[in-house]
Amino acid sequence: MRKYINCYYGIDLGTFNSAIARTDKDGVPRIIKSDVLKDTMPSCVYFNRRKEAVVGASAMAVMQNNLARAMKNFNPGEINAFSEFKRTMGIAATCYSRNMDRSFTPEELSAEVLKKLKSFVPDENIRSVVITVPATFLSPQCDATVRAAQMAGFMQVVLLQEPLAALMACGPDFREKDGCRLVFDFGGATFSATLVKTENGVMSIMDTGCDGRLGGKNLDREIVDRIIMPQLQKDYALESILDSPVKKKILRNGVKRFAEEARIQMSFKDAYHILSDIGDLPFEDENGEEPEIDIPVMQQDMERVLAPVFRQAIDITKELLKRNSLCGADLDALIPVGGPTWSPILRRMLREQITENVDTSVDPETAAALGAAIYASTVMPDQCWD
């Protein structure tokens, strides 16, 4: 048996994306790249006809293809790809796969995600891990997360609340210096604002405000409904599709990937062109034309659409501060966490409406995983494997 000294692992098990990080003997946490060399991996699982589990980017590609194919005859077809199962962790919910002819619990699907993350370290059999959970998770959800980790082969599992993990990633000043910070976690599917107090080097959560149905998917839905769908309706004859709730839902789901890409691109650009390729919308309108998406967007267009969604999160944050008798000036820092917080629209709104002390020094998409790896170095034994 070999022994690897001072090697510690942390995982951010997210609703839409997950990540794994490692702290080596130099004490510096590093993200372990996925099989497609990305910092994060889609929390998506697909069961193919050979009864194999396909996880991550490949599973997400299958899901996107299924959504596009559903537009061909406006039939949703068989369901064998799943995401967002973290939402139902710890409750009696299942996802049925026709290819497997059985139902899977959220814990079983999460275990597949964790197994895939482990596979990115092919030369080690990782037995101990710190996994992040939302600050709002109660005992049933936490217990379910531990069960998922055990199914994935982890022998020792420590859970760490996501806001604390994000602060751990911000550096020793945030971990050791006394003060009050706010973690503004706007993820793909959920939002939480958490007040964290550090006193004598000990971090503790003071209070949390949240909305379990507010996140990046709401932003994408607004882009679909207020930018993409109106333009398609203007350019093509889609009355019969839009008059059918089932067909309209299939169309909205099918074009959502264009909305998500536009949102991501506009986090780093002043302008973007939403374009579909031939065959991306594989159906004909009532005049026999195959629709195409061709929409230029500017930052002011995105702000008109996205600002109302961001305002919901900011209002929750303001209420959190108010009930704790605090204001923005009392915060030593506000730390944005989650992919959507790259948005310059949101960051400006946070500075204008909450506090000027918005700290963007860490990658909001990987902060939780990095913080978990740092925490692992303080609570985990040295890693061992056969």
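**Helix packing and sheet architecture**

Aspartate 235 lies in helix H6 (residues 216–235), where helices (H or I, at least four residues) and strands (E, at least two) are DSSP runs numbered from the N terminus. The structure is a predicted model, in which local features need pLDDT of at least 70 and side-chain atom pairs count only at pLDDT 80 or more, while totals for chains, interfaces and linings use all residues. Residues are numbered from 1 along each chain as its sequence is written, and side-chain values use heavy atoms, with hydrogens and water left out. With a relative accessibility of 41%, aspartate 235 counts as partly exposed (buried means under 20% relative accessible area, exposed over 50%, and partly exposed in between, with a 1.4 Å probe and protein chains only). Its C-alpha atom is separated by 9.4 Å from that of isoleucine 293, although the two residues are 58 residues apart along the chain.

Helix H6 also packs against helix H9 (residues 299–323), at an angle of about 135° and with the axes 9 Å apart. Axes are lines fitted to C-alpha atoms, for helices over the stretch in contact, and angles run from 0 to 180 degrees between N-to-C directions. The angle makes H6 oblique to H9; angles under 35 degrees count as roughly parallel, over 145 as roughly antiparallel, 65 to 115 as roughly perpendicular and the rest as oblique. The crossing of H6 and H9 is right-handed, a crossing being left-handed if the near helix is turned anticlockwise from the far one by less than a right angle, and right-handed if clockwise. On the H6 side, the contact (heavy atoms within 4.5 Å) is made by Asn218, Leu219, Glu222, Ile223, Arg226 and Ile227. The H9 side contributes Asp301, Met302, Arg304, Val305, Leu306, Pro308, Val309 and Phe310. The residues of the contact of H6 with H9 comprise nine nonpolar, one polar and four charged (Ala, Val, Leu, Ile, Met, Phe, Trp, Tyr, Cys and Pro count as nonpolar, Asp, Glu, Lys and Arg as charged, and the others, Gly among them, as polar).

A second helix pair is formed by H1 (residues 57–73) and H8 (residues 245–265), whose axes come within 8 Å and cross at roughly 140°. H1 and H8 are therefore oblique to each other, and their crossing is left-handed. Gln64, Leu67, Ala70 and Met71 of H1 meet Ile250, Leu251, Asn253, Gly254 and Arg257 of H8. By class, this contact has five nonpolar, three polar and one charged residues.

In a third pair, the axes of helix H4 (residues 162–169) and helix H11 (residues 367–379) come within 7 Å and cross at roughly 80°. H4 and H11 are therefore roughly perpendicular to each other. From H4, the residues Ala165, Ala166, Met168 and Ala169 meet Ala367, Ala368, Leu370, Gly371, Ala372, Ile374 and Tyr375 of H11. The contact of H4 with H11 has ten nonpolar, one polar and no charged residues.

Helix H1 takes part in a further arrangement, with a sheet. Three strands in the order S7-S6-S8 form an open sheet with antiparallel pairing, two strands being paired if DSSP finds at least two bridges between them. Strands S7 (53–55) and S8 (81–82) are the edge strands, and each pairs on one side only. Strand S6 (residues 45–47) is joined to S8 in the antiparallel sense by two bridges, with valine 45 opposite phenylalanine 82 in S8. H1 packs on this sheet and touches S6, S7 and S8, its direction making about 95° with that of S7.

A four-stranded open sheet has the order S15-S14-S13-S18 and mixed pairing. Its edge strands, S15 (202–211) and S18 (333–337), each pair on one side only, and the twist averages 20° from one strand to the next. Strand S13 (residues 179–186) pairs with S18 in the parallel sense over five bridges, where arginine 181 has alanine 333 of S18 as its bridge partner. S13 and S14, by contrast, pair in the antiparallel sense over eight bridges; cysteine 180 stands opposite lysine 197 in S14. A hairpin of four residues joins S13 to S14. Strand S14 (residues 191–199) is mostly covered, with seven of its nine residues buried. S14 and S15 run antiparallel and are joined by nine bridges, and the bridge partner of leucine 195 in S15 is aspartate 207. The hairpin of S14 and S15 has two residues between the strands, and asparagine 200 there takes a positive phi near 55°.
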